[in-house]
Amino acid sequence: MCGENEVKTDVQAANQFSKSGAGGLAVIIAPRTTQTHRSAHPRTLGMGATLSRLNGASDTQGLLPDGHDRAQQDGGDDGPEWQTVQSRKRHKKHSKKASDQYPEITHSPHARLQSIVKTGDLQNLVLYCLADGNAPQWVSVRHHGAIRKLVVLMVPGLEAGMFDGTISLSSSTEESSTNDPSTAEGSLVAERSGETVLSPSASGNLRKLPLSPDDYYPTKLVHDRMPIPLQPLSDVFNHVWPVKTPGDDKYAKMHSPIAAMLTSPIVKPREDKNGRGPQPPREGRGWQNKRTPVTELFASTEELSNEGYVLHPAHYSDTASAAAGTTRRELNKWTAVDGWVDSRGVPTLEAGNASEKDIEKGSVTVGRTVVAMDCEMCITSPPGVTPQIFSLTRVSLIDWDGKVILDELVKPESAITDYLTPYSGITPAMLQNVTTSLSDIQKKLLDIFTPQTILVGHSLNSDLNALKLTHPFIIDTALLFPHPRGPPLKSSLKWLAQKYISREIQKGHGSTGHDSVEDAKACLDLVKQKCEKGKSWGTAEASSESIFKRIGRANRPKRDKVHPAGDDEPRISAVVDWGDPSRGYGGQAKVVVGCQSDAEVVAGVLRAVEGSADDDVVPVGGCDFTWARLRELEAYRGWWEKSKIVEADALRSSTQAASTTATLAGVVSETAERIKAIYEALPPCTAFIVYSGSGDPRDLREMQALQARFKEEYKVKKWDELSVRWTDVEEQKLRRACEKARKGVGFVTVK
């Protein structure tokens with residue numbers, strides 16, 4: 001009872017103290033708990049610990065790991081002792097940097113992340129600090145207006161496994177196959193969301209506490225418990241963040257981490273965000289219409305083949321490819337014997353070019369005849385039989401002026417088992433007195449189509465398959481306006497018409513069916529718009545812009561201007577990369593620095609940030625935003641992909657050859673030291689972001705190459721003749737490889 005009364009008295013006194021606001025000086029005398037009481041109540045807190053908690057002190061400052069009062073451990077005798085506790089006013093603690101309005105980017109222990117950080121989130125952080133981005137929700141940013149410069153460094157080859165021990169940095173070989181973190185040197189002690197991963201116990205095993213959600217939160221970097229090669233990073237950053245590379249889980253694709261950082265979506269006005277359905281596209285700032293000849297919109301031979309088109313003989317440029325194409329057509333029964341016909345008078349693709357006298361100056365048709373076509377089909381295969389057979393029941397042709405030049409119903413040779421009326425609009429009554437056959441339509445089309453005819457439609461491969469006809473010059477609106485998520489997804493014609501030409505079509509979809517004349521006109525108008533706007537209209541290029549252009553529209557604050565009393569000075573961006581960065585995304589940056597090694601990249605970053613009056617490339621005052629990339633670790637680990645550019649691939653090969661005698665630990669150590677060297681040379685108030693871009697992409701590339709080889713062979717070979725197989729086993733391997741490749745890491749700090 002005595003112990004209970006003491007505890008109750010402590011709590012009552014603490015409550016009274018708390019209610020009083022601790023406005024004055026109070027002295028509270030309490031007897032220290034005896035050893036007997038400690039045994040009976042091992043979790044009892046003394047008055048000092050109670051007040052310490054009320055004053056906002058950390059629980060761990062006065063407690064040992066097991067929760068015992070540290071003062072109790074220090075006490076040696078069991079006799080009751082008295083303790084004087086002096087209260088003081090509760091003041092909110094501010095760091096020196098915070099009181100000086102110094103910028104900070106930190107992880108808040110109270111954050112509750114809803115999803116994993118993505119590369120786009122890092123880009124938004126850049127735009128928030130330097131331009132017009134929204135405030136990030138995944139990280140705490142204090143006084144972002146005080147950030148003067150920002151450097152983003154991409155370091156492919158860094159991987160989370162290096163930090164948790166699954167990739168050993170103690171030998172020359174990567175032990176990435178092990179899942180036991182204790183096998184690596186200096187396994188990391190992680191602290192996520194206030195929870196700590198236990199350090200190795202006496203048995204040497206590293207045990208993780210259950211974390212939820214484990215993949216979202218950053219891991220605290222503890223210098224002494226990190227692998228030695230990575231320890232320089234703990235001198236720069238407090239946490240390592242898991243960062244997910246953009247991609248498509250459904251189709252096991254990984255998108256470019258460089259594009260995700262350097263290509264920014266065009267900001268929509270507030271009034272456009274409330275509309276439903278596909279909204280009309282906005283012309284981005286700086287967008288200029290570029291009148292484009294219709295001949296530049298042709299689908300290439302490769303595109304037609306990938307989309308399943310039966311190729312016209314004009315697409316075969318040599319004897320070998322022509323022989324392979326003939327074999328393929330015979331194998332799939334796409335020959336004249338099977339009822340197929342080819343457009344006449346086109347031996348080669350060049351034969352379709354119009355003569356100079358037939359080309360009207362300024363005309364986008366350049367002397368060609370443009371015909372838009374749409375067909376409707378019904379099912380003629382027996383119910384339950386797969387694959388289903390679709391037979392032609394209606395064909396409609398529209399000329400460039402929108403005039404209907406052909407619109408006829410067709411009677412299939414086989415009996416129709418499903419009219420598909422809700423989609424085709426065809427009913428039994430419509431075909432009751434029709435006598436036109438497929439061969440009759442083929443003859444009419446061959447008379448209409450000339451070597452100068454261009455055929456326009458949406459997913460025309462299905463229409464041409466129903467017609468059993470090939471034509472060399474195809475414009476497919478499904479390819480002209482790619483799906484926002486990329487192939488193999490395709491946008492519907494209804495969606496494209498609503499978005500780009502503000503037209504509602506196929507209103508009878510699911511009830512009375514489609515109108516092939518209406519669909520053909522929609523395809524034609526989409527192509528006309530493309531000719532007026534330019535080839536990139538309706539693609540990702542039209543809905544996004546370079547991050548360098550977006551940052552360049554923001555002006556420097558007065559404190560950062562080279563001439564404070566002068567006119568507005570736009571922010572300047574730089575790219576520091578291997579080879580010639582101006583060929584790619586760096587072409588939009590004002591300052592471009594090409595390098596041949598990581599050491600040159602480090603020097604180039606410092607050169608871009610500082611600037612000099614004597615520098616012909618970097619202006620005085622330096623650059624506000626700098627993006628750079630280290631690649632020696634990427635080359636050593638075999639992540640550097642082959643390039644079609646001869647100079648770039650030669651640089652890759654020479655870099656890999658130079659690192660054959662190196663070890664993974666050595667290359668990682670050198671890379672970490674270079675990251676630290678960049679940080680130490682940055683001026684104050686400079687934000688520094690490092691990201692790996694992706695995880696290990698090698699397995700993904702291998703599985704994608706295997707899949708591409710299978711698809712290529714499957715077109716011309718029988719199943720038992722294939723050199724590779726693609727089953728559910730390979731499909732699951734591809735998905736696991738994609739998941740692994742999309743797991744990158746990132747670091748954020750302010751100098």
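This is a dialogue on reading selected features of a predicted model.

Trainee: What should I know about the model before reading it?

Mentor: The model is predicted, with local features needing pLDDT of at least 70 and side-chain atom pairs counting only at pLDDT 80 or more, while totals for chains, interfaces and linings use all residues. Residues are numbered from 1 along each chain as its sequence is written, and side-chain values use heavy atoms, with hydrogens and water left out.

Trainee: How many helices and strands does the protein have?

Mentor: Helices (H or I, at least four residues) and strands (E, at least two) are DSSP runs, numbered from the N terminus. The protein has 24 helices and 26 strands.

Trainee: What share of the residues counts as buried?

Mentor: Buried means under 20% relative accessible area, exposed over 50%, and partly exposed in between, with a 1.4 Å probe and protein chains only. Here 45% of the 751 residues count as buried. As for contacts, the term means heavy atoms within 4.5 Å. Among contacts between residues at least 6 apart in sequence, 69% join residues at least 24 apart.

Trainee: How much space lies in the second largest pocket?

Mentor: On a 1 Å grid over the protein atoms alone, a pocket is an open set of points with protein on both sides within 12 Å along at least five of seven lines, whereas a cavity is a set where a 1.4 Å probe fits but cannot get out; lining residues have an atom within 4 Å of a point. Grid points are joined across faces, edges and corners, and a volume is the space filled by probe spheres set on the points. The second largest pocket holds about 1,400 Å³. It has 45 lining residues, and those closest to its centre are Met-377, Phe-390, Ser-391, Ser-462 and Ala-466. Elements giving two or more residues to this lining include β15 (369–379), β16 (390–399) and α14 (460–467).

Trainee: How do the lining residues divide by type?

Mentor: Ala, Val, Leu, Ile, Met, Phe, Trp, Tyr, Cys and Pro count as nonpolar, Asp, Glu, Lys and Arg as charged, and the others, Gly among them, as polar. The lining of the second largest pocket has 16 nonpolar, 19 polar and 10 charged residues.

Trainee: In α14, is Asn-461 buried or exposed?

Mentor: Asn-461, in helix α14, is buried, at 14% relative accessible area. Neighbours within four places in sequence aside, Asn-461 contacts Glu-307, Gly-308 and Tyr-309. Asn-465 is also placed in α14, but is partly exposed at 34%. With the sequence neighbours within four places again left aside, the contacts of Asn-465 are Val-310 and Trp-340. Val-310 is 155 residues from Asn-465 along the chain, yet their C-alpha atoms are separated by 7.8 Å.

Trainee: Which residue in the loop before α14 has a positive phi?

Mentor: Most residues other than glycine have a negative phi. Ser-459, in the loop between β18 (453–457) and α14, has a positive phi near 50°. Ser-459 counts as buried, at 16% relative accessibility. Ser-502 also has a positive phi, of about 50°, but counts as exposed at 57%. Its place is in the loop between α16 and α17 (516–533).

Trainee: How does the span of α19 agree with its residue count?

Mentor: The expected span of a helix is 1.5 Å times one less than its number of residues. For the 13 residues of α19 (598–610) that gives 18 Å, and the end C-alpha atoms are 19 Å apart, which agrees. For the 18 residues of α22, the expected span is 26 Å and the end C-alpha atoms are 26 Å apart, again in agreement. The buried residues of α19 include Val-601, Val-602 and Leu-606; among the elements covering them are β22 (573–578), β23 (591–595) and α22 (664–681). After α19 comes Gly-611, with a positive phi near 75°.

Trainee: Which strands pair with β22?

Mentor: Two strands pair if DSSP finds at least two bridges between them. β22 pairs in the parallel sense with β24 over 4 bridges, and 5 bridges join β22 to β23, also parallel. Ala-574 stands opposite Thr-626 in β24, while Val-576 has Val-593 in β23 as its bridge partner. β22 is largely enclosed by the rest of the structure, because 6 of its 6 residues are buried. In β23 the side chains alternate: Val-591, Val-593 and Cys-595 point to one face and are buried, whereas Val-592 and Gly-594 point to the other and are not.
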